[in-house]
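Me: I am new to this structure and would be grateful for a guided set of questions and answers about it.

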Amino acid sequence: MYKIAVIPGDGTGPEVAREGVKVLEAIAGVAGFDYDTRFFAYGGDRYLETGVVLDDEELEELRAFDAIFLGAIGHPGVKPGILEQGILLRIRFALDQYINLRPVKLFPGVDCPLKDKGPEDIDFVVVRENTEGLYAGTGGFLRKGTPEEVAVQESVNTRKGVERCLRFAYEYCRRRDRDRKLTLCGKTNVLTYAWDLWERTFEELAPEYPDIATDYAHVDAICMWFVKNPEWFDVVVTDNMFGDIITDLGAMIQGGMGIAAGGNINPEGTSMFEPIGGSAPKYTGKDVINPLAAICAVQMMLDHLEERSAADRVERAVIRVCSRDLESLSAGRMGKSTSEVGDLVVKYIKEE
Ligand code: IPM
Ligand code: MN
């Protein structure tokens with residue numbers, strides 16, 4: 001029996017989370033596993049009503065779950081940063097979800113903005129460090145508000161944090177067993193302290209993984225290669241900030257935010273799965289937002305729970321929807337409503 005915490009969140013989060021839960025119910029029925037969901041109303045509306053973002057007790061409660069499924073966080077009525085830091089980043093940090101796993105996979109039937117690239121060219125995974133770097137929150141102001149003001153924002157990279165992230169990436173690359181190629185994405189030519197540590201650790205671990213080929217790309221160059229030669233990549237490992245940026249680019253080449261999912265992973269604890277697109281407030285309640293990213297997040301959650309055949313079955317259903325039923329994802333047109341897309345995924349799961 002899997003205990004799943006569901007945080008529908010803000011904006012279109014509840015709509016896409018609803019479709020994700022619908023798919024979870026369908027796949028559990030046919031794959032034969034049991035689960036129990038508990039819903040938590042954390043997000044902008046609750047904050048505006050009660051002034052509470054996420055308190056310590058609520059955070060502790062989440063540890064008892066096998067996984068967390070999150071819709072989206074971000075509310076137009078709340079100053080940017082409060083909810084993102086108070087809910088999303090707080091959970092990532094407190095539950096030590098030190099990996100942000102973001103597959104970039106172009107499904108058949110999804111149109112790709114890259115000329116002459118198809119599903120065989122775009123299938124890689126970004127392993128983003130998820131608890132350190134520029135996100136650590138260290139730094140400060142000097143002489144704030146004066147013409148001489150100084151703002152410092154520091155990137156924190158610990159040997160432990162870097163090593164566990166790199167080790168996860170090597171292991172993941174091995175388990176994925178595709179090209180067995182791991183690319184470190186950094187900026188060794190300029191950020192010579194942080195990336196020296198990353199590169200040294202990357203090279204130190206390499207002999208433990210003789211079956212994995214290693215490669216390196218600067219972060220700016222990788223943005224170019226993702227567009228020009230995405231087929232070069234199998235697993236890419238990088239820090240928190242670079243991972244944040246390059247995975248938005250990755251999402252676009254796989255068909256857009258409507259399809260991109262991610263997992264905030266603590267291999268020894270509670271992990272959290274989410275569509276990476278955000279709360280899209282202007283589409284709230286309109287039943288137009290694409291739920292496939294949330295459904296792919298459910299697929300990742302099943303994979304993480306080692307319900308691999310169930311996860312594959314969800315993916316096959318998503319691919320069927322993409323190749324038969326949707327109009328143009330990269331142009332942001334589905335030609336179907338949010339709930340219709342969820343219903344189709346359920347139908348294909350059951351039909352198989
Ligand atoms: C993401 C988001 C978050 C991040 C924001 C909302 C804090 O952009 O999950 O990529 O920067 O990590
Ligand atoms: Mn982001």
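**Ligand shell and aromatic pairs**

Reply: By class, the shell around ligand 1 holds 2 nonpolar, no polar and 5 charged residues. The model discussed here is a predicted one.

Me: Which residues are around ligand 1?

Reply: A residue is placed in this group if one of its heavy atoms lies within 4 Å of the molecule. The residues around ligand 1 are Glu 84, Leu 88, Arg 92, Arg 102, Arg 128, Tyr 135 and Asp 244.

Me: Which helix gives the largest share of the shell around ligand 1?

Reply: The share in question amounts to 3 residues. The helix that supplies this largest share spans residues 82–94 and is α4.

Me: Where does ligand 1 lie with respect to domain 1 and domain 2?

Reply: Domain 1 is made up of 1–106 + 260–352, and domain 2 covers 123–253. Both give residues to the shell, so ligand 1 lies between domain 1 and domain 2.

Me: How much of the accessible area of ligand 1 does the protein cover?

Reply: Polar side-chain atoms approach oxygen atoms of the ligand: the distance is 2.7 Å for Arg 92, 2.8 Å for Arg 102 and 2.9 Å for Asp 244. On its own, ligand 1 has 320 Å² of accessible area, and the share covered by the protein is 75%.

Me: How many aromatic pairs are there?

Reply: Rings are paired if their centres lie within 6.5 Å. By this rule, the number of aromatic pairs is 13.

Me: Are the rings of Phe 40 and Phe 65 stacked or edge-to-face?

Reply: The ring centres of Phe 40 and Phe 65 are 5.6 Å apart. Planes over 60 degrees apart count as edge-to-face. The planes of these two rings stand at 90°, so the pair is edge-to-face.

Me: How many residues apart are Phe 40 and Phe 65?

Reply: Phe 40 is in the loop between β2 (35–39) and α2 (44–50), while Phe 65 is in the loop between α3 (56–62) and β3 (67–72). Both Phe 40 and Phe 65 are buried. The pair links distant parts of the chain, and its separation in residues is 25.

Me: What kind of pair do Phe 124 and Phe 233 form?

Reply: The centres of the Phe 124 and Phe 233 rings lie 5.8 Å apart. Their planes are at 55°, so the pair is tilted.

Me: Is Phe 124 buried or exposed?

Reply: A residue under 20% relative accessible area is called buried. Phe 124 has 0% relative accessibility, so Phe 124 counts as buried.

Definitions and conventions. Residues numbered from 1 in each chain as written. Chains lettered and ligands numbered in written order. Predicted model: local features only at pLDDT ≥ 70, side-chain atom pairs only at ≥ 80, totals over all residues. Heavy atoms only, no water. Polar contact = N/O pair within 3.5 Å; in protein donor to acceptor, adjacent residues only side chain to side chain. Areas by Shrake-Rupley, 256 points an atom, 1.4 Å probe, with all protein chains shown as cover. Helix = DSSP H or I, 4+ residues; strand = E, 2+ residues; numbered from the N terminus. Nonpolar A, V, L, I, M, F, W, Y, C, P; charged D, E, K, R; others polar. Domains from an automatic or database assignment. Phe/Tyr/Trp six-rings, centres within 6.5 Å; stacked < 30°, edge-to-face > 60°. Buried < 20%, exposed > 50% of the residue type's maximum accessible area, 1.4 Å probe, protein only.
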